[in-house]
Amino acid sequence: MASTSSSRYAKHRRIGEDEEVEEEEEEAEEELERFNDFTIASSWERFISEIEAICRQWLADGPKILMQKGAESVPSFENLYMIKRELKHGKRVYSMEYHFMKSAKGKNTYWDDDTHSMQLSFGVDEFLMIAPLSASGVVLDDPESTKLLSSVAIALSNCGSNWPAFVPVHDPSRKAYIGIQNLGTVFTRRFEADRIGSQVPIRLMHLEGLHELFLSKFVLSSTDFPARVKVHFSMKLTYRTPEYDYDNETLDSEATESLTENEVASHPRKQWDDDCPWAEWYSAEDPVKGFELTAIWGERAFEETLEMAEVENASSFDADGWFLHPVVSQYMVDDSIGKFVGFASQLHLLVNAYESSAEAQFLEDFVTDTSGQDNSKSTTTVPPPSVIDRVMKDLFSDEAGNSNYMEAENKYSRAMRGAPADSLFGQFCLHSLWFGNCNIRAIAVLWIDFVREIRWCWEESERLPRMKSSSSIDLSSCLIHQKLQMLAICIERKKSLNREKGAGHKDETSNTMAVNKTRKGSAGVVPKMMLLNTKQEMHAPYTQDAPLMTEDMHEERLHAAEAFGNAIGLSGQLERDILSSDMSAFKAANPDAVFEDFIRWHSPGDWVSQDKADGNSGWPPKGKLSQRMSEHGNMWRKIWNDAPPLPVSEQKSLLDPVREGEKVLHYLETLRPHQLLEQMVCTAFKSSADILNKTTYGGFKLMKTKMDQLYATLASTLKSLPGNSDMSDLAGDLKRLCQVFEHIEKLLILAASIHRKLIDAPRLAQAIFADYFNYYLPKMGSTLESICYEKEFTAKEKVGMHERDAVSNLFPPPTANQSWRKVLSMGNLLNGHEPMQREITFSVQERISNGHYSSPTPLCTDDEQIQTHRMYISGTSNDLWVALSVTSWD
């Protein structure tokens with residue numbers, strides 16, 4: 001039993017010893033695990049190393065190579081480029097952007113428009129920006145922002161780079177930043193910016209309070225710095241012209257008191273373009289919504305806070321520079337087709353109607369064939385009869401009078417084959433553009449009523465309105481206008497015949513002839529010509545004018561000439577009638593004349609003279625008829641033999657006004673739709689351009705050149721329109737033409753607006769228009785696609801000293817009605833208007849030899865000074881943003 005118990009005890013003892021050995025081994029392993037191997041980099045160190053590698057690469061490349069590698073231009077800045085890379089640290093992904101300039105910025109150019117807000121706020125040129133890739137793009141956690149900024153600072157220090165680095169912090173609406181810049185091994189510049197979005201303290205609304213705010217950042221007590229600190233100051237004020245109140249100008253308060261509510265409501269509202277040539281057809285939105293005036297005070301030094309009050313109360317005319325920028329309406333920038341309402345938009349609708357005109361043979365088909373269509377569709381709507389009556393009344397009113405449409409035409413106008421804008425058909429086309437939505441059905445309805453009114457004028461022998469009083473027909477115009485000219489002349493001839501019916505006509509007579517021979521219808525003696533048989537003076541007769549003909553009538557003459565041939569030398573019956581009339585009148589004026597006398601007067605080329613060259617020829621003059629006139633059976637001699645001696649007053653008119661008038665009406669009533677629309681398109685384009693060409697825009701050279709180019713483009717495109725069967729290709733050309741027309745129409749309206757607002761500063765007006773023209777020029781292609789540019793129009797034009805009075809007139813003193821709307825909280829008023837934004841820079845410079853600033857740094861403004869403190873302030877009465885940079889000695 002004893003041996004058994006001892007063996008059991010020994011066994012337990014061995015087990016206990018084994019357990020103790022295992023515990024000692026575990027403790028040794030734990031000690032090994034707690035050992036830190038500092039040769040392995042942490043994730044933060046790897047993050048710094050990655051930033052450093054990227055920065056070293058950017059430093060080595062330089063701006064030129066970075067631009068070749070795909071650096072992007074920062075929108076709205078011509079000289080600033082940006083390249084970025086994404087970095088990952090833990091679970092967060094960051095974006096690091098390096099902003100650099102293509103060329104170095106000059107000294108004191110931070111007020112330039114090509115200056116980024118970060119450059120302006122902190123006085124830097126190139127900079128790094130690192131931020132997380134998140135919805136807000138800012139770092140909301142203070143430890144994270146500090147760690148992130150430290151990482152970038154260490155990486156830049158390792159690279160030997162002096163780039164400033166920034167991290168956005170806090171809420172995005174605050175636009176808050178923290179930043180740092182290593183300046184060698186001696187100095188460090190730290191940055192901080194924040195914003196007060198509301199309830200700005202009154203003290204900080206004025207320059208005195210802002211000056212004190214800047215001093216508080218480094219003057220802790222009166223013993224730290226001298227009593228007077230030399231502070232460098234610069235300021236930029238931006239004023240915005242007030243919105244023009246047309247209601248106040250149209251009806252002032254005293255006038256409205258004497259009017260009833262109905263009278264006030266019916267009083268016409270005055271528009272900015274009421275006296276512009278297009279105002280009869282549409283009212284354009286003013287493309288210039290206002291102007292922004294920038295007044296800049298250059299850098300100057302102050303030592304006392306009270307001096308800030310003097311600057312605040314000083315006149316804006318004391319500023320070193322004025323710069324003016326027009327605030328252009330959004331529709332001027334928007335390239336979407338159809339959003340701008342003007343002639344161009346309506347011409348586009350007319351081109352659509354032209355495409356639809358081939359769908360029917362007669363205009364009545366478009367009017368009557370609507371049983372299966374929904375009348376509510378906008379593509380086929382026709383205005384009510386009252387609108388049609390109003391259009392007809394305007395076209396045929398007695399006040400329309402005769403047109404004087406040749407006055408404002410361009411040199412290319414006659415090549416467009418359209419009617420003048422002030423003519424009857426020109427006015428019809430312009431009314432059609434705005435009749436309904438200018439669809440083919442509305443045009444058909446209006447045309448039928450138009451022709452009905454013309455027939456009434458014919459039957460009642462009433463003068464056609466808007467037709468120039470002339471006895472000729474303009475063959476360079478469209479055929480419809482020629483027909484209306486012919487009809488107007490026929491109406492006058494018909495009225496004249498009705499007045500002279502039954503009345504005699506007293507002729508000029510001469511009793512110097514022999515008995516029973518009376519001279520009639522003489523217009524006077526022909527110099528140095530006598531009758532061959534009687535040696536009496538030859539008299540030139542009054543003859544009838546050649547019968548008026550339209551273009552299609554001339555074509556008929558050519559076809560007749562081709563049919564008759566040249567065997568008899570005549571092209572048809574019309575020429576025979578004209579020749580017979582001239583011969584009859586010649587016989588009446590010269591009773592003893594022979595055929596040879598008529599040939600000598602009417603066709604001298606057919607009389608071959610055989611007189612001596614010395615001029616001593618006897619009588620009768622020696623000569624003979626040409627071979628053409630001497631041939632047997634000559635038609636001229638036959639007509640001479642048959643022609644009775646009758647003066648013009650006793651002859652039958654060569655133009656039958658009744659017959660020709662009915663032919664014109666037949667043409668108008670049976671005109672095919674595509675023939676009507678062809679001529680409407682030519683006339684509408686021409687008339688619209690002529691109306692815009694009457695606009696007064698100060699003679700801007702660029703605008704005049706564009707108008708001439710528009711006319712040339714219209715002429716080259718429209719000349720191929722009449723009779724062209726390829727309607728699809730032509731419609732595409734016309735739509736592109738509408739787009740070009742819209743661009744130029746927009747520019748013309750802008751030029752007119754700028755001119756009238758700056759009429760007392762013509763140089764400034766032309767310079768501002770040239771700036772916008774160069775900005776808008778890339779958009780003026782002929783493509784139908786919408787062209788969108790991210791670039792904004794930011795150009796400013798410097799105002800000369802002699803132009804400041806004219807510019808200040810853009811800021812009229814506020815009325816009593818406007819004064820109570822706004823409580824003035826800031827100084828620097830311009831005609832009673834406070835600036836919409838005030839930007840200020842304060843800075844302090846100290847000599848390097850003073851105090852601890854004893855090493856040269858890249859921040860030195862010269863060899864002796866360094867900018868130790870700088871503050872940029874931007875704000876209004878309701879908003880304040882402050883950016884501070886402080887240079888410290890490490």
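Visitor: How many helices and strands does the chain have?

Guide: The chain has 27 helices and 20 strands. The model in which they are found is a predicted one.

Visitor: What share of the chain is buried?

Guide: Of the 890 residues in the chain, 45% are buried. A residue is given that label because its relative accessible area is under 20%. The chain exposes about 46600 Å², of which carbon and sulfur atoms supply 50%.

Visitor: What makes helix α5 mostly covered?

Guide: Helix α5 spans residues 207-215, and 7 of its 9 residues are buried. These are L207, G209, L210, H211, L213, F214 and L215. Among the elements that cover them are strands β8 (231-240), β18 (837-847), β19 (865-875) and β20 (880-889), together with helix α9 (306-313).

Visitor: How do you know that helix α13 is mostly covered?

Guide: In helix α13, residues 424-433, the count is 10 of 10 buried. The buried residues include the nonpolar L424, F425 and F428 as well as Q427, H431 and S432.

Visitor: Which residues have the most contacts inside the largest nonpolar core?

Guide: They are F425, W447 and F685, in a core of 157 residues. Helix α24 (residues 727-757) gives the most to this core, with 15 residues. A second, separate core has 31 residues, including L87, M96, C159 and V167.

Visitor: What is F685 in contact with, leaving aside its neighbours within four places in sequence?

Guide: F685 is in contact with L347, V351, L714, L718, L734, L737, C738 and F741. Each of these pairs qualifies because contact means heavy atoms within 4.5 Å.

Visitor: Why are helices α23 and α24 called roughly antiparallel?

Guide: Helix α23 (residues 701-718) and α24 pack at an angle of about 160 degrees. Angles over 145 degrees count as roughly antiparallel, and α23 and α24 are therefore roughly antiparallel to each other. Their axes are 11 Å apart, and their crossing is left-handed.

Visitor: Which residues meet where α23 and α24 pack?

Guide: From α23 come M703, K706, M707, L710, T713, L714, T717 and L718. In α24 they meet D733, L734, L737, F741, I744, L747, L748 and A751. Of these, L714 and L718 in α23 are also in contact with F685, as are L734, L737 and F741 in α24.

Visitor: What share of the contacts in the chain with a separation of 6 or more joins residues 24 or more positions apart?

Guide: Residues 24 or more positions apart account for 73% of those contacts.

Definitions and conventions
Residues numbered from 1 in each chain as written. Predicted model: local features only at pLDDT ≥ 70, side-chain atom pairs only at ≥ 80, totals over all residues. Heavy atoms only, no water. Helix = DSSP H or I, 4+ residues; strand = E, 2+ residues; numbered from the N terminus. Buried < 20%, exposed > 50% of the residue type's maximum accessible area, 1.4 Å probe, protein only. Areas by Shrake-Rupley, 256 points an atom, 1.4 Å probe, with all protein chains shown as cover. Core = buried A, V, L, I, M, F, W, Y, C linked by side-chain atoms within 4.5 Å. Axes fitted to C-alpha atoms, helices over the stretch in contact; angles between N-to-C directions. Parallel < 35°, antiparallel > 145°, perpendicular 65-115°, else oblique. Left-handed = near helix turned anticlockwise from the far one by under 90°.
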